[in-house]
Amino acid sequence: MRDPFGATEAPPALDTAQDALFLDFDGCLVEIAPRPDAICVPDRLGLGLAALAARLDGALAIVSGRSLRELEHYLAGFDGPMVGSHGAESRGLGEAPLRPEGLLALQAELAEFAAQKGLLYEPKSLGAGLHFRARPELQAETEAFAARAALRFPGFEVQLAKMAVELRPRGASKDGALARLTRRAPFAGRRPVYAGDDVTDEPALAWAEAHGGYGVKVGPGDTAASYRLGAPDQVRAWLARPLGEDAWDV
Ligand SMILES: [Mg+2]
């Protein structure tokens, strides 16, 4: 039975000869943790992605809201393209990062708000996040604060996320990153396949669907994607299958 949110089917097996694969990180490759630095990363993940990328002739990129340096840390062993900070910075693509004015002042304001309210503050290389997972009753107040901050720091805009709100460089987006990546080798001419779990991924899932490929929504929630996997362990099993490997377990 189809659920009211649309996509329920597991995706088809990856076609390594023609797919270009774009993968979100948190909630897609690894389970969301109570704190962003408390995730469990399977030992095999980085090297497994490297092996899969080789099968795809290099057409595999990570597209995440995390800072690039954190992605590099957690995915050691994978040296392919990475897009971090929701598209504002990248590795291996020869792109200059977006560096809006006022980053340090913005971070100081968010850190102070977090300290006052008992929220978890997450500094990011090109922005900052406020996590209200421990104080969900403060969601509306936190989002309103972030919206006011974005008015004072026009180089940044609000990005809503799971139990968090972020300020990220204005104009950065995962679908924008996908549009840029798919114009260049080795992604160009391949079928875009995007997997992600969060509202920040929806424009990218929709972009893949609209450009001859497909999206894979991870976990519950409404989506533009045609396919769905229940959790990151299922994503890892789907990625390991073309290599004839078992799921890359934690
Ligand atoms: Mg995610």
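On the outward side of helix 3, opposite its buried face, L104, A115 and Q116 are exposed in this predicted model. By contrast, L103, L106, Q107, L110, F113 and A114 of helix 3 are buried. Seen down the helix axis, these buried residues fall within an arc of 130 degrees, so they line one face of the helix. The points below follow helix 3 to the sheet it lies across, and then turn to other parts of the chain.

**Helix 3 and its surroundings**

- Helix 3 has 15 residues and reaches 21 Å from its first C-alpha to its last, which is close to the 21 Å expected at 1.5 Å a residue.
- The buried residues of helix 3 pack against several elements, namely strand 5, strand 6, strand 7, strand 8 and helix 4.
- As a whole, helix 3 (residues 103–117) lies across strand 5, strand 6, strand 7 and strand 8, and its direction runs at about 10 degrees to strand 6.
- Helix 4 (residues 139–152) also packs on the sheet, where it touches strand 6, strand 7 and strand 8, and its direction makes about 160 degrees with that of strand 7.
- Just after helix 3 comes G118, a residue whose phi is positive, near 75 degrees.

**The four-stranded sheet**

- Four strands form an open sheet with antiparallel pairing, and their order across the sheet is 5-6-8-7.
- Strand 5 (120–124) and strand 7 (156–161) stand at the edges with a single partner strand each, so one side of each is left without a neighbour in the sheet.
- From one strand to the next, the twist of this sheet averages 20 degrees.
- Strand 6 (residues 127–131) and strand 8 (residues 164–169) run antiparallel and are joined by four bridges, and within this pair L130 stands opposite V165 of strand 8.
- Strand 7 and strand 8 also run antiparallel, joined by six bridges, and the bridge partner of E157 in strand 8 is R168.
- The hairpin of strand 7 and strand 8 has two residues between the strands, and in this hairpin M163 takes a positive phi near 55 degrees.

**Strand 1, strand 2 and helix 5**

- Strand 1 and strand 2 pair in the parallel sense over three bridges, and L21 stands opposite L60 in strand 2.
- In strand 2, L60 and I62 point one way while A61 and V63 point the other way, and all of them are buried.
- Helix 5 (residues 174–181) has the buried residues K174, A177, L178, A179 and L181.
- The buried residues of helix 5 are covered by elements that include strand 1 (19–23), strand 2 (60–63), strand 3 (82–84), strand 9 (191–196) and helix 6 (202–210).

**Nonpolar cores**

- In soluble globular proteins, nonpolar side chains tend to be buried together.
- The largest nonpolar core has 52 residues, of which L21, L49, L60, I62, W238 and L239 touch the most other members.
- If residues up to four places away in sequence are not counted, W238 touches P11, P12, A13, L14, L21, V193, A195, Y214, V216 and L229.
- A second, separate core has 18 residues, and among them are L106, F113, F145 and V165.

**Three residues looked at one by one**

- L120 is found in strand 5, and, leaving aside its neighbours within four places in sequence, L120 is in contact with R35, P36, G129, L130 and H131.
- Although L120 and P36 are 84 residues apart along the chain, their C-alpha atoms are separated by 9.6 Å.
- D198 lies in the loop between strand 9 and helix 6, and at 12% relative accessibility this residue counts as buried, because buried means under 20% relative accessible area.
- Leaving aside neighbours within four places in sequence, D198 is in contact with A161, K162 and K217, and the C-alpha atoms of D198 and D26, which are 172 residues apart along the chain, are separated by 8.9 Å.
- A188 is found in the loop between helix 5 and strand 9, and its relative accessible area of 40% makes this residue partly exposed, because that class lies between the cut-offs of 20% and 50%.
- A188 touches T182 and R183, not counting residues up to four places away in sequence, while the C-alpha atoms of A188 and S125, 63 residues apart along the chain, are separated by 29 Å.

Note on methods:
Residues numbered from 1 in each chain as written. Predicted model: local features only at pLDDT ≥ 70, side-chain atom pairs only at ≥ 80, totals over all residues. Heavy atoms only, no water. Pairing = 2+ DSSP bridges. Axes fitted to C-alpha atoms, helices over the stretch in contact; angles between N-to-C directions. Contact = heavy atoms within 4.5 Å. Expected span 1.5 Å × (residues − 1). Buried < 20%, exposed > 50% of the residue type's maximum accessible area, 1.4 Å probe, protein only. Arc of directions from axis to C-beta. Core = buried A, V, L, I, M, F, W, Y, C linked by side-chain atoms within 4.5 Å.
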